[in-house]
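Reader: I am new to this structure and would like a close look at a single part, the surroundings of the ligand. Please take me through that part with care, and then on to the charged pairs elsewhere in the chain.

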Amino acid sequence: MAEAPVVRLEKDGDIGVIIVNYPPVNALGPGVADGIIECLNKANGDPSIKAMVLMGDGRSFIAGADIRGFGTGRKRPPLGERTYDVMDRSPKPVVAAIHGYALGGGLENAMGCHYRIAVESAKVGLPEVLIGILPGGGGTQRLPRLAGPQVALDMIVSGRHVPAPEALKLGILDEVIPDSANLRQAAVAKARAVADIRPLPRVRDRDCKADPAIFDAMRKSIARRARNQKAPYHCILAVEAACTLPFDEGMKREQELFQELENADEAKALRYAFFAEREVAKLPDLPPGIVPYDFRKPAVIGAGTMGGGIAMSFADFGYDVRIMDASTEALNRGMERIRNNYATSVKRGSLAQDEMERRLARIHPVAGYDGIEDCDVVVEAVFERMDVKKPVFARLDEVVNKDAFLFSNTSALDMDELAAVTKRPEKVAGTHFFSPANVMKLLEVVRPKKASPETLVTAMAMGKKIGKISAMAGNTDGFVANRSRAPFNSEMVILLEEGCLPEQVDKVMVDFGYPMGPFAVGDLAGLDIGAEGRKRRAAADPNYRKLPIADKLVEMGRYGQKTGAGWYRYEKGDRTPHPDPEVAAIIRQVAAEMGVPQRSFTDQEILRRLLFSSVNEACKILEEGKAYRTSDVDVMWLHGFGFPRYRGGLFYWADGIGVREVYNQIANWHQQYGDRWRPSALLRQLAESGTPFRDAKPAPFA
Ligand code: T1G
């Protein structure tokens, strides 16, 4: 049977309807653009057709160019012969009918049309900067003409998806209809209504003047977050060209800027991250077609910092959630903390007051287990100690209806041991949120031995439903994220023993692209928390490498921001870290007591000591079958630890250096420093065979 064409032309009376059918999101894959042009020419050549509609089959309008095509040397038709050029020359009006997404090349085609109508739930945007490029299909020239230069600048530099009602207000859309309405019928009616209106309202013909100051203002406003990156600045240059050059000159300038970005390292790394974030959702060893349970009544146990953040995540995505704590005081404190968090967002202008009220109204505090019997998903987030969690899990197993899923937010404890205190171990899994839970996008789903496939896909899907990126991890101490990060956390302190200072290490990591240095992050999280974890590990492992300098600071009550002093000192009410000579003195004193010779370090050695230690540990995690893919580890580092996105991730960055060089360096440090740098067997194999990390074959999931 002949394959369905990726684009087809149908007739509704005197209106030609051009339909793109390229699942899953109608990206402009092979044959799609040519198909649109062919249908446009056919419709323009058919005297019985008075106007056209462009729309998408399935769940979306057009979600942009096919990202898989970038960097492959694919041939693009020259300027003047592309879909939107053909629309510009069309003697008959074309109406874009938008549902789902009109992103990138999708919105560019819609702006090539003469009118745009959308359903309420649709989203439009030019998110190319998020994959290290810029809108290369006229978006930087048409959007400023349609919505004004400032709006275009904001949308193109941020890559934001704009909801249809807002896009209507911004002048991007001409009409928004309810989701329940029939989009095709409405678009055909619109096309019929405008069929005889001349001249045709072409976006390219509109004026586009701007106050030149807006461009420098934008450059200033992104300076911190866009450091080391090119694409955001090229986006500004392209919109600037739209406001200073005639349309066709501006299009040429856009092309030049686009070509400078398409094959740059930044774009390659961001494309890798895009697909890694899609791949992480796939669980290759589970039977296909397992349907996640569509939960409706979530509950969170424990109204502490993490419990509160988790409850907010559910409320932020529309769920009525119960939050339970054994003590009413703790419950009230927890609700107060939630209210304050929302109030801070309102003050910052990132949340409207009425939306805050709506979200707060979805969070229902309950004092005691008898308020959660009918819940269908329960996330336990009580104190991180097994002797505290076990009785809670046993009690939940007794009171919550037997079909409910019991998840734990533990960040390191043994999930098999926790599941074993219930009569439903097949319904138990770990759902490890990262702090602050309502902000961090990573959800590490931990897989105990007895968890059923339905339980695992339900936990993964729960993450997506509350705006998280879910990644599967095996049940090992610290799971994948924290376990791969642990050597980094030790190595940064060991570098101090050898002569580095916290501010020196932090500068290297901030220059590398981290929003904050690891020592400043330590002070934010609280050094006493880290000390708790070290104590637990030292108790479990006699060979555990102690960190006397870090322990010394905690002994002195230097817990970080909360005590006004940690690795840095802080002025009252100010979070700015100030290097502290007292810390430098402590470091030298402890190093002298340990008899560690002092020396100087290059920035590269500091960077590699920290990240190679985690690459090595992550290889051990893969060889033990505790993670599916190297790209999953990268997704965890991007969304759990703020690894700079334009560097792709831990393994992607290491592949940039080369597996052999990474191995050789680690093997050298093994000679120099001993067991903590023992190379992983998988790493040695990859180096010997010259196999990049991206092609590594981890052990089957265990
Ligand atoms: N190209 C190729 N594949 C794509 C794709 C795209 N543009 N968009 C999605 N997919 C695949 C994705 O890999 C996944 O595949 C499946 O579709 C579902 O996606 C000239 C230069 C549209 C908001 O940046 O943001 O146009 O894993 O899981 O959560 O100026 O996908 O199932 O095999 O993400 O519902 C600009 C990118 C391109 C939009 C849907 N466009 N896509 O989210 O589903 S550059 C974008 C998204 C461009 C022009 C330029 C999201 C989505 P698989 P999903 P979702």
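Author: A polar contact is a pair of N or O atoms within 3.5 Å. By that cut-off, in what is a predicted model, a polar side-chain atom of Lys 464 makes such a contact, lying 3.2 Å from an oxygen atom of the ligand. The side chain of Lys 282 also takes part, with an N or O atom 2.7 Å from a ligand oxygen, while Gly 105 contributes through its backbone, where an N or O atom is placed 2.8 Å from an oxygen atom of the ligand. Taken alone, the ligand would expose 1000 Å², and the protein buries 83% of that area.

The shell around the ligand consists of 30 residues, and the closest are Ala 65, Gly 105, Glu 108, Arg 278 and Lys 282. Sorted by class, this shell holds 16 nonpolar, 6 polar and 8 charged residues. Strand β5 (101-103) and the helices α3 (105-112) and α11 (265-279) each supply at least two residues of the shell, and α11 gives the most, with 3 residues.

Turning to the charged pairs, the model has a count of 60 salt bridges. In one of them Arg 184 pairs with Glu 10, the closest N and O atoms being 2.7 Å apart. Because Arg 184 lies in helix α7 (residues 183-194) and Glu 10 in strand β1 (residues 7-12), this pair ties together parts that are 174 residues apart in sequence. Arg 184 counts as partly exposed at 22% relative accessibility, and Glu 10, at 27%, counts as partly exposed as well.

A salt bridge between Glu 355 and Arg 358, at 2.8 Å from N to O, stays within helix α14 (residues 353-361), where the two residues are 3 apart, about one turn of the helix. Glu 355 has a relative accessible area of 16% and is therefore buried, whereas Arg 358, with 42%, is partly exposed.

Arg 694 and Asp 655 meet through their side chains in another salt bridge, at 3.5 Å from N to O. This pair links distant parts of the chain, with Arg 694 in the segment after α28 (681-689) and Asp 655 in helix α26 (residues 650-657), 39 residues apart. Arg 694 is exposed, at 56% relative accessibility, while Asp 655 is buried, with a relative accessible area of 17%.

Finally, a network of salt bridges links Glu 491, Glu 498, Arg 599, Glu 605, Arg 609 and Arg 676.

How values were computed:
Residues are numbered from 1 along each chain as its sequence is written. This is a predicted model: local features need pLDDT of at least 70, side-chain atom pairs count only at pLDDT 80 or more; totals for chains, interfaces and linings use all residues. Side-chain values use heavy atoms; hydrogens and water are left out. A residue is near a molecule or strand if one of its heavy atoms lies within 4 Å of it. A polar contact is a pair of N or O atoms within 3.5 Å; within protein, one must be able to donate a hydrogen and the other to accept it, and residues adjacent in sequence count only if both atoms are side-chain atoms. Accessible areas come from the Shrake-Rupley method with a 1.4 Å probe; for residues, only the protein chains shown count as cover. Helices (H or I, at least four residues) and strands (E, at least two) are DSSP runs, numbered from the N terminus. Ala, Val, Leu, Ile, Met, Phe, Trp, Tyr, Cys and Pro count as nonpolar, Asp, Glu, Lys and Arg as charged, and the others, Gly among them, as polar. A salt bridge is a side-chain nitrogen of Lys or Arg within 4 Å of a carboxyl oxygen of Asp or Glu. Buried means under 20% relative accessible area, exposed over 50%, partly exposed in between (1.4 Å probe, protein chains only).
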